[in-house]
Amino acid sequence: MSGITQPFYPIIYVRGYAMTESEIEATVSTPYMGFNLGATKIRQDWRGNVIKHIFESPLVRLMKDFGYRDIYLDGKERTDKISSRSVVIHRYYEQGDADLGTGKTPSIPEAAEELGELIVKLREQICGDDEEAKKAFKVYLVAHSMGGLVCRSFLQNPDISNQEVKNMVDKVFTYATPHNGIEMGGIHVPKFLSIWDINNFNRENMAKYLGLPKNSKRVDDLNNTFDPKRFFCLVGTNHKDYDVAAGLSRTLAGEMSDGLVKIENATVRKAPRAFVYRSHSGPYGIVNSEEGYQNLIGFLFGNIQVNGILEVEDLPLPPSVNKAYKKGKKIRASYYFESTVSPQGSMMYHLTERRKETYSAVLRKFDELLNVDNIEGLTDPRSPVLFSVFLDTTRITFGRTLVFSVDISVSSTEYEIDEFLFFDRKIPGEYLFRNTVVIRATPNADGWKIRYNLADDAWGESRGREADYDDKGFFIPLKSAKGFSSRLRLSVDTLQ
């Protein structure tokens with residue numbers, strides 16, 4: 001079938017927003033529009049300790065690791081037959097350049113329409129007249145920032161392209177896309193701000209080109225047009241290193257952002273996501289990062305998805321607060337759930353990192369976890385989803401077992417008793433639970449065998465014990481001396 005081998009479909013990269021005419025000219029002047037940018041430094045932790053690490057770029061690594069190629073030859077884009085393992089750049093900004101195009105910047109719907117045309121063109125170049133190959137043909141869409149909105153417009157807007165072409169998209173991966181618009185200084189981008197097409201990120205305008213209902217309060221929904229399980233969102237949590245506009249952007253976007261896009265606006269509903277300490281772009285940018293690349297190849301090529309949900313059974317209170325609770329006083333508190341996932345052998349990157357310090361930890365109220373009857377419309381506990389990672393058993397270099405670790409921490413905000421805050425009920429930095437869970441997953445005739453050990457209690461190289469199992473699947477009991485009790489519920493799904 002003309003070399004089409006699942007999962008190695010052609011990749012179309014869709015770059016992000018270029019604001020000014022000079023930025024558009026600079027973008028058009030480069031052949032790979034940022035997908036070829038690498039990095040030489042990574043942050044060792046959130047405090048900013050820098051160490052040297054050479055990341056060649058997503059493009060180069062795809063070429064080195066998986067045999068992908070570009071489609072340029074002798075100074076031109078190839079129009080003859082090409083390999084299914086091709087990386088193609090959607091050069092939609094080219095028509096906005098006066099030298100190579102009309103000088104008129106395309107709208108998002110126009111760029112989306114061109115994306116559909118590019119997909120059809122690729123199918124012809126790869127498959128030719130082979131009807132069997134045409135049926136098997138699929139593409140991956142990989143996009144940064146506004147590029148993700150171009151992809152969504154193509155998939156969601158019924159007036160763009162046609163369903164046959166949309167069905168050729170197998171998966172979508174977005175880096176730092178403002179799926180729910182952009183807010184600066186707490187103010188959403190106004191509709192009238194048409195200068196440099198900034199109103200592309202206004203929710204009312206977004207609803208139009210995404211084919212959503214006119215009065216949508218949020219626009220981060222695929223609206224049943226594409227399977228959210230096949231749509232991955234990588235979220236940046238480092239606003240400090242985004243230096244666009246002399247730092248004005250990161251100041252206005254605030255701490256809970258990548259310097260441009262708010263964390264809460266960077267995902268699509270029900271889609272898997274990961275959080276990495278990277279800025280929107282720049283030397284510590286999210287695209288030119290090892291973390292970004294590892295999540296990308298895991299999602300595109302991996303054959304295993306592991307999800308971790310923490311089912312809380314008991315949240316202990318400090319003795320004095322517990323005494324007040326037993327007397328019938330009204331207690332209010334929220335809880336931070338932090339998690340960091342690292343694959344075996346990784347010293348330089350995490351697949352996902354949700355931390356209080358980067359404002360990306362999961363926050364839940366006591367009633368949401370253990371007293372849901374107090375919340376109208378809530379029937380089941382809002383158990384925090386700690387992680388969703390994609391792994392590849394074919395890349396295991398020894399044996400058949402996947403090994404990864406999950407650092408898990410649980411802590412509380414200050415406690416409120418009868419609507420009064422009590423700051424002396426908790427020592428700053430005090431945790432209800434904190435440990436590293438080392439997980440080993442081995443395929444067997446019945447599906448999977450899961451073993452684990454708690455690295456704070458035993459050496460991480462130990463094989464540990466088998467995970468428990470009930471009618472809902474695998475789980476790992478997590479308890480602390482303070483009385484915290486929960487189950488880390490694991491699902492291991494084999495992907496097509």
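Two strands are said to pair if DSSP finds at least two bridges between them, and with that in mind you can begin the tour of this predicted model at one of its sheets.

**First stop: a sheet**

Select residues 473-479, which form strand 26, and add strand 25, since these two strands pair in the antiparallel sense over three bridges. If you would like to look at one of the contacts in detail, pick D468 and then look across to strand 26, where its bridge partner is F475. Now widen the selection to the whole sheet, which is open and has five strands in the order 18-13-27-26-25, with antiparallel pairing. At the edges you will find strand 18, covering 385-391, and strand 25, covering 468-470, each of which pairs on one side only. As you turn the sheet in the viewer, follow its twist, which averages 30° from one strand to the next.

**Second stop: helix 1**

Select residues 21-28, which make up helix 1, and colour its buried residues, I24, T27 and V28. Where do the buried residues fall when the helix is seen down its axis? They lie within an arc of 95°, so they line one face of helix 1. A general rule helps here: an α-helix has 3.6 residues a turn, so residues three or four places apart point the same way.

**Third stop: the nonpolar cores**

Next, show F35, L62, I119 and F301, which are the residues with the most contacts inside the largest nonpolar core, a set of 89 residues. Helix 3, at residues 108-127, gives the most to this core, with nine residues. Centre the view on I119 and display what it touches: leaving aside residues up to four places away in sequence, these are I12, F137, V139, F154, V165, M168 and V169. Apart from this core lies another, of 46 residues, and you can find it by selecting some of its members, among them V321, F337, V389 and I450.

**Fourth stop: salt bridges**

A search of the whole structure finds 27 salt bridges, and a few of them are worth selecting one after another. Begin with R203 and E183, whose side chains meet in a salt bridge at 2.6 Å, N to O. Because R203 lies in helix 7 (residues 203-209) and E183 in strand 9 (residues 183-184), the pair ties together parts that are 20 residues apart in sequence. Are these two residues buried or exposed? R203 is buried, with a relative accessible area of 15%, and E183 also counts as buried, at 14%.

Move on to D80 and R78, which form a salt bridge with their closest N and O atoms 2.9 Å apart. Here D80 counts as partly exposed at 40% relative accessibility, and R78 is partly exposed with a relative accessible area of 23%.

Then select K482 and E430, another salt bridge, in which the closest N and O atoms are 3.1 Å apart. This pair links distant parts of the chain, 52 residues apart, with K482 in the loop between strand 26 and strand 27 and E430 in the loop between strand 21 and strand 22. K482 is partly exposed, with a relative accessible area of 43%, while E430 counts as partly exposed at 28%.

For the last view, select E311, E313, D470, K472, R487 and R489 together, and you will see residues that are joined into one network by salt bridges that share partners.

Conventions. Residues are numbered from 1 along each chain as its sequence is written. This is a predicted model: local features need pLDDT of at least 70, side-chain atom pairs count only at pLDDT 80 or more; totals for chains, interfaces and linings use all residues. Side-chain values use heavy atoms; hydrogens and water are left out. Helices (H or I, at least four residues) and strands (E, at least two) are DSSP runs, numbered from the N terminus. Axes are lines fitted to C-alpha atoms, for helices over the stretch in contact, and angles run from 0 to 180 degrees between N-to-C directions. Buried means under 20% relative accessible area, exposed over 50%, partly exposed in between (1.4 Å probe, protein chains only). The arc is that of the directions from the helix axis to the C-beta atoms. A nonpolar core is a set of buried Ala, Val, Leu, Ile, Met, Phe, Trp, Tyr and Cys residues joined through side-chain atoms within 4.5 Å. Contact means heavy atoms within 4.5 Å. A salt bridge is a side-chain nitrogen of Lys or Arg within 4 Å of a carboxyl oxygen of Asp or Glu.
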